[in-house]
Amino acid sequence: MSLQMVSTASNSSLLQPGFSLLNFDKHVFFFGQKGWPKRSCPTGVFLLDIKQNELKMKPAFFSKDSCYLPPLRYPALCTLRSDARADECQYIIHGGKTPNNDLSDKIYFMSLVNKTGKKMTFQCIEKDLGGDVPEARYGHTINVVHSRGKSVAVLFGGRSYTPLAQRTTEKWNSVVDCLPSVFLIDFELGCCTSYLLPELQDGLSFHVSIARGDTIYILGGHSLQNNTRSPNLYKIKIDLPLGSPAVTCAVLPGGISVSSAIVTQISDTEFVLVGGYHSDSQKRLACNTIVLEDNKIEIVESVSPEWTPDIKHCRTWFGCDMGKGSVLLGIPGANKQIIPDANYFYILRCKGAEEGKEEELIAQTCSQTSSEDPGDSTPFEDSEEFCFSAEANSFDADYADTYNEDDEEDESETGYWIICCASCNIDINTWVPFYSTELNKPAMILCSSGAGHWVHAQCMDLSETMLLRLSEANVKYFCNKHVDLNKGLQTPQKVMCLKKPPMKPLRKKKAMKLSTSTKKSFLRRLFE
């Protein structure tokens with residue numbers, strides 16, 4: 001194994017614990033930034049461009065018919081292929097945390113729909129499910145299994161917030177283990193079915209799962225209820241006959257008591273297990289090789305890399321699988337860097353990974369690590385362990401020429417030109433600047449309803465004064481579609497009774513005093 005430090009040139013503050021990496025067409029894309037996306041990249045998805053040990057992040061593009069994909073941290077994701085050895089794939093993304101610290105129960109399909117030169121365009125679709133729909137969660141895993149010519153997704157584990165009926169003011173955002181249910185998700189029928197297996201007694205989160213054929217292996221994981229890391233190795237087998245599916249589980253020997261580990265695939269049958277935590281206060285610096293052959297699994301200890309002193313002595317670490325036997329690792333930068341929240345990053349290349357050779361990687365890997373940010377809890381707690389979740393799929397760490405700088409000016413397929421509402425009339429071919437602050441892109445504003453979504457300020461009939469006021473003030477904005485719903489959820493403000501001042505009494509007019517001659521003259525005229 002070799003360990004090499006990389007420097008970050010742009011947007012490095014977005015690389016925070018909880019992110020995921022996606023592999024499309026030999027390129028790696030970053031997903032799950034901390035905080036809501038900015039105008040520089042409203043999609044929240046970036047291309048990771050690594051040249052000469054320098055890591056750059058460049059905005060990715062989405063088609064106009066895509067739904068909004070919020071920057072989810074600690075989600076479960078895996079790849080779905082039409083054929084086991086097909087190059088083209090799409091990612092399934094479920095759950096995770098939004099920047100508002102809300103948990104998502106939605107499931108998205110993200111795929112590559114167009115490639116023009118070195119610019120790729122993605123499409124994101126939200127799927128509706130029925131039946132035993134999994135609750136909102138994070139720190140769980142999802143894999144796709146194949147049996148008898150059919151495929152289903154298998155979801156397991158994770159954490160969720162305490163039910164509303166059990167919450168208190170002091171522990172409003174406390175989390176609990178999800179029930180140890182195994183969910184089978186059939187995307188063709190759009191239904192979910194849950195199974196409770198006697199071998200799975202405790203809820204697990206931030207475990208490792210590896211799928212091959214009709215079998216899923218679950219290794220490690222942390223239980224909040226018992227504050228333990230499971231030493232068991234579970235083998236879950238899925239049979240998909242014409243009737244109801246059959247789900248069985250067996251406990252195998254040779255497991256590892258670990259949570260928050262990373263798994264990367266180095267060959268068709270070999271995986272490398274890196275990192276994680278032995279306990280709340282002890283990182284796991286050892287590495288293991290996992291071999292899957294003939295429906296069997298073997299876990300052996302392998303040679304660890306020469307960890308740097310910074311890695312050895314840091315309290316926490318985070319990262320993600322980049323594919324092709326490469327792992328992106330990060331450690332907190334503390335006060336050593338000028339940029340706030342900046343971190344140090346390394347690329348670990350595992351021994352045996354053939355970086356320049358095309359390989360067909362059949363098995364899927366998925367590993368989950370932590371939940372909270374370093375500032376949200378005390379050090380060394382399991383809630384500080386970080387999410388290492390991605391698919392080991394088609395990545396070459398040494399590609400040199402991957403991006404044209406001139407493409408930065410072409411925003412034709414970015415989130416600026418989405419259809420933000422039913423009455424949206426923003427078209428790239430006919431659009432002209434509406435506000436004085438606009439140059440070559442329409443002004444957008446984030447609606448805070450639900451997971452949040454971007455809308456055009458012009459479509460919301462916002463004046464320039466109001467747009468500037470909203471951008472400067474730290475207030476939530478709701479678009480025309482959700483503003484009435486938000487008003488209905490708000491507590492009515494107390495109406496202050498206006499005190500009416502007492503009315504002044506009318507003054508009586510004084511009678512005019514007339515002289516005697518005037519009276520006689522008036523009477524004379526009256527009787528004439």
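Which residue in strand 36 does Ile-445 stand opposite? In this model, which is predicted, Ile-445 stands opposite Val-455 in strand 36, and I would like to start from that pair and work outwards.

Ile-445 belongs to strand 35, residues 444-447, and this strand runs antiparallel to strand 36, residues 453-456, with four bridges joining the two. Together, strand 35 and strand 36 form a hairpin with five residues between them, and in that turn Gly-450 has a positive phi of about 60°. If you look at the two faces of strand 35, you will find both of them covered, since Met-444 and Leu-446 on one side are buried, as are Ile-445 and Cys-447 on the other.

Let me turn next to a sheet elsewhere in the chain. Here five strands form an open sheet, in the order 11-17-16-13-12, and the pairing is mixed. Its edge strands are strand 11, at 130-131, and strand 12, at 141-147, each of which pairs on one side only. For strand 12 the partner is strand 13, residues 150-156, and these two pair in the antiparallel sense over seven bridges, with Ser-147 standing opposite Lys-150 in strand 13.

Finally, a word about Thr-465, which has its place in helix 2, residues 464-472. Is Thr-465 buried or exposed? Its relative accessible area is 52%, and because the cut-off for exposed is over 50%, Thr-465 counts as exposed. As for its surroundings, the C-alpha atoms of Thr-465 and Tyr-435 are separated by 9.8 Å, while along the chain these two residues are 30 residues apart.

Key: Residues numbered from 1 in each chain as written. Predicted model: local features only at pLDDT ≥ 70, side-chain atom pairs only at ≥ 80, totals over all residues. Heavy atoms only, no water. Buried < 20%, exposed > 50% of the residue type's maximum accessible area, 1.4 Å probe, protein only. Pairing = 2+ DSSP bridges.
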